[in-house]
Amino acid sequence: LEAAAEEGFRAEGAEIAPAAAEYVRRTLGFPVYTGAFEEYPVEKNGKFDAVTMWFVIEHFSDLDTVLRITGRLLRPGGGFAFSTPNLKGGSGRFYPQHFLAGSPCDHFSLWYPRMARRVLRRYGFRVRKMVVTGYHPERLPGGSGHMGKLRRRLLMFISRIARLGDTFEVYACKIGESQ
């Protein structure tokens, strides 16, 4: 919210945890809807230039309702940005059992870039940009010293090109009415 306000947006939030919402209201000074996003007030429909969900979307058990509400909240051309774990990242692709076992029980959906494009299109969004992220250089093999750093940098470069990061960000715009 602070970053959005610094860029000139009128920022407000939605938070299910009352204590967190109260902190944002009192300490940071932003208006916050307290409650389930699926029950966001309808009078806000079409009022927003952007909706963001940073590592939140995977926590919704009713994704259909969340994506419909997101589409309704945005004005035409409005932006929808989110980040989420990447099922097709390095961990999910090469160690799927470990990846799934390590996913918290409150993750109700697992995303990957190609699937995100298809799903968002059905809800009236066009993906403008995706950024595969979530690299942990300290976990990459390569050893220490100058040659080890070069090997890690090469592996990071290859991972970026192959889109093997364990998280990704989606930047989409509303192109039509949500279904």
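Helices here are DSSP runs of H or I with at least four residues, numbered from the N terminus. The model is predicted.

**Whole chain**

Start with the protein chain coloured by secondary structure: seven helices and six strands, in the order α-β-α-β-β-α-β-α-α-α-β-α-β. Of its 179 residues, 39% are buried. Among contacts with a separation of 6 or more, 71% join residues 24 or more positions apart. Switch on the surface and the accessible area is about 10,900 Å², with 56% of it belonging to carbon and sulfur atoms.

**Helix 2**

Select residues 18–28, which are helix 2. Arg25 and Glu22 both sit there, three residues apart, or about one turn of the helix. Their side chains form a salt bridge whose closest N and O atoms are 3.0 Å apart. Arg25 is partly exposed at 32% relative accessible area, and Glu22 is partly exposed at 28%. Add Arg26 to the selection: Glu22, Arg25 and Arg26 are linked in a network of salt bridges.

**The largest nonpolar core**

Next, show Met53, Leu67, Phe80, Trp111 and Leu120 as sticks. In the largest nonpolar core, which has 29 residues, these five touch the most other members. At least two core residues come from each of strand 3 (48–54), helix 3 (63–73), strand 4 (74–85), helix 6 (113–122), strand 5 (125–133) and strand 6. Which element gives the largest share of this core? Helix 3 does, with five residues. A second, separate core has five residues, including Ala11, Ala21, Val24 and Phe30.

Centre on Phe80 and display its surroundings. Beyond its neighbours within four places in sequence, Phe80 is in contact with Val51, Met53, Ile57, Leu67, Thr70, Leu74, Leu120, Phe125, Val170, Tyr171 and Ala172.

**Helix 3**

Select helix 3 and pick out its buried residues: Leu63, Val66, Leu67, Ile69, Thr70, Gly71 and Leu73. These buried residues pack against strand 3, strand 4, helix 6, strand 5 and strand 6.

Then select Asp64 and Arg68, whose side chains meet in a salt bridge at 3.0 Å, N to O. The two are four residues apart in helix 3, so about one helical turn separates them. Asp64 counts as partly exposed at 31% relative accessibility, as does Arg68 at 27%.

**From strand 3 to strand 4**

Move to Asp49 and Arg75, where a salt bridge spans 2.4 Å, N to O. Asp49 lies in strand 3 and Arg75 in strand 4, so this pair ties together parts 26 residues apart in sequence. Asp49 is partly exposed, with a relative accessible area of 38%, and Arg75 is partly exposed at 34%. A search of the whole structure finds five salt bridges.

**Lys174**

Now select Lys174 in strand 6 (residues 167–174). Is Lys174 buried or exposed? Its relative accessible area is 7%, so Lys174 is buried, the cut-off being under 20%. A polar atom of the Lys174 side chain lies 2.7 Å from the backbone oxygen of Gly71. Leaving out neighbours within four places in sequence, Lys174 is in contact with Gly71, Arg72, Leu74, Arg75, Pro76, Gly77, Gly78, Gly124 and Phe125.

**A nonpolar patch**

Finish on the surface with Leu154, Phe157, Ile158 and Ile161, which make a nonpolar patch of about 420 Å². Phe157 is in helix 7 (residues 145–161) and is partly exposed, with a relative accessible area of 49%.

How values were computed:
Residues are numbered from 1 along each chain as its sequence is written. This is a predicted model: local features need pLDDT of at least 70, side-chain atom pairs count only at pLDDT 80 or more; totals for chains, interfaces and linings use all residues. Side-chain values use heavy atoms; hydrogens and water are left out. Buried means under 20% relative accessible area, exposed over 50%, partly exposed in between (1.4 Å probe, protein chains only). A polar contact is a pair of N or O atoms within 3.5 Å; within protein, one must be able to donate a hydrogen and the other to accept it, and residues adjacent in sequence count only if both atoms are side-chain atoms. Contact means heavy atoms within 4.5 Å. Patches are made of residues with over 30% relative accessible area and no salt bridge: like charges are joined within 9 Å, nonpolar side chains (Val, Leu, Ile, Met, Phe, Trp, Tyr) within 5 Å. Accessible areas come from the Shrake-Rupley method with a 1.4 Å probe; for residues, only the protein chains shown count as cover. A salt bridge is a side-chain nitrogen of Lys or Arg within 4 Å of a carboxyl oxygen of Asp or Glu. A nonpolar core is a set of buried Ala, Val, Leu, Ile, Met, Phe, Trp, Tyr and Cys residues joined through side-chain atoms within 4.5 Å.
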